[in-house]
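Here are some short exercises to work through with the model open beside you. Try each task before reading its solution.

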Amino acid sequence: MTSQLPSPISTSQPMCPGDDLSRTFEMRFTSTPRGARLARRLAAHRLDTWGIPYGTGPHEEIVLVLGELTANAVRHGHVPRRDFHLLLRASAPARTVRIEVTDTRTERTPPEPEAVSTPGSEDDGGRGLLLVAALATRWGWHLRRGGPGKTVWAECVFATPT
């Protein structure tokens with residue numbers, strides 16, 4: 001007996017009635033390095049199915065930003081037995097991909113975008129948000145609505161239509 005996975009198109013339903021060219025993918029992942037890798041891999045596949053192909057500059061940049069945000073959720077937002085949530089939304093009319101990563105840890109918040117500083121040469125961390133700031137059109141964070149934690153988001157503009 002074989003089971004068939006749902007089509008990649010099945011979760012690509014329109015986001016809003018008036019925005020029929022938008023696509024959304026969301027899922028919860030374990031707050032572990034393995035969960036972050038899986039989120040990155042599934043999102044990369046989803047971008048490809050949406051028309052932002054593997055091997056293109058926009059695809060690689062979006063996946064890098066997403067990878068940094070999911071890694072930060074695991075490293076700085078980990079709460080035992082709590083998952084992180086990934087929301088990936090592509091809007092063809094605006095040629096924008098929005099990435100939102102929500103964790104359940106409130107007390108460890110990132111700096112505001114204008115306050116990100118370059119770490120010293122001896123520091124072993126602190127470069128992820130610099131990459132996000134360099135590659136994303138804009139990014140930020142807010143406290144999680146309806147519960148403890150925070151959402152860190154980034155928007156990337158792409159040149160290839162979905």
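**Exercise 1.** Find which residue takes a positive phi in the hairpin of strand 2 and strand 3.

*Solution.* Start with the connection: four residues lie between strand 2 and strand 3, and among the hairpin residues Arg95 has a positive phi near 50°. Next, look at the pairing, where seven bridges join these antiparallel strands. One of the pairs is Ser91 with its bridge partner Thr96 in strand 3. Strands here are DSSP runs of E with at least two residues, helices are runs of H or I with at least four residues, and both are numbered from the N terminus. Two strands count as paired if DSSP finds at least two bridges between them.

A word on the model before going on. It is predicted, so local features need pLDDT of at least 70 and side-chain atom pairs count only at pLDDT 80 or more, while totals for chains, interfaces and linings use all residues. Residues are numbered from 1 along each chain as its sequence is written, and side-chain values use heavy atoms, with hydrogens and water left out.

**Exercise 2.** Work out the strand order of the sheet, and why strand 1 and strand 4 each have one side without a neighbour.

*Solution.* The five strands form an open sheet in the order 1-2-3-5-4, with antiparallel pairing. Strand 1 (22–30) and strand 4 (138–143) are at the edges with a single partner strand each, so one side of each lacks a neighbour in the sheet. Now follow the order inward from strand 4: six bridges join it to strand 5 (residues 150–157), and His142 stands opposite Thr151. These two strands also form a hairpin with six residues between them, and Gly146 in the turn has a positive phi of about 80°. Strand 5 then pairs with strand 3 over eight bridges, again antiparallel, and Val101 has Val152 as its bridge partner.

**Exercise 3.** Decide whether the faces of strand 3 are covered or open.

*Solution.* Recall that side chains in a regular strand alternate between the two faces of the sheet. On one side of strand 3 are Thr96, Arg98, Glu100 and Thr102, on the other Val97, Ile99, Val101 and Asp103, and all are buried. That makes eight of its eight residues buried. Buried means under 20% relative accessible area, exposed over 50%, and partly exposed in between (1.4 Å probe, protein chains only). For contrast, try Pro80, in the loop between helix 2 and strand 2: its relative accessibility is 52%, so Pro80 counts as exposed.

**Exercise 4.** Check whether the span of helix 2 agrees or disagrees with its 21 residues.

*Solution.* The expected span is 1.5 Å times one less than the number of residues. For helix 2 this gives 30 Å, and the end C-alpha atoms are 29 Å apart, which agrees.

**Exercise 5.** Identify which residues of helix 2 meet helix 3.

*Solution.* From helix 2 come Glu61, Leu64, Val65, Glu68, Leu69 and Asn72, and they meet Gly128, Leu129, Leu131, Val132 and Leu135 of helix 3. Contact means heavy atoms within 4.5 Å. By class, this contact has seven nonpolar, two polar and two charged residues. Ala, Val, Leu, Ile, Met, Phe, Trp, Tyr, Cys and Pro count as nonpolar, Asp, Glu, Lys and Arg as charged, and the others, Gly among them, as polar. Finally, the buried residues of helix 2 pack against helix 1 (33–49), strand 2, strand 3, helix 3 and strand 5.
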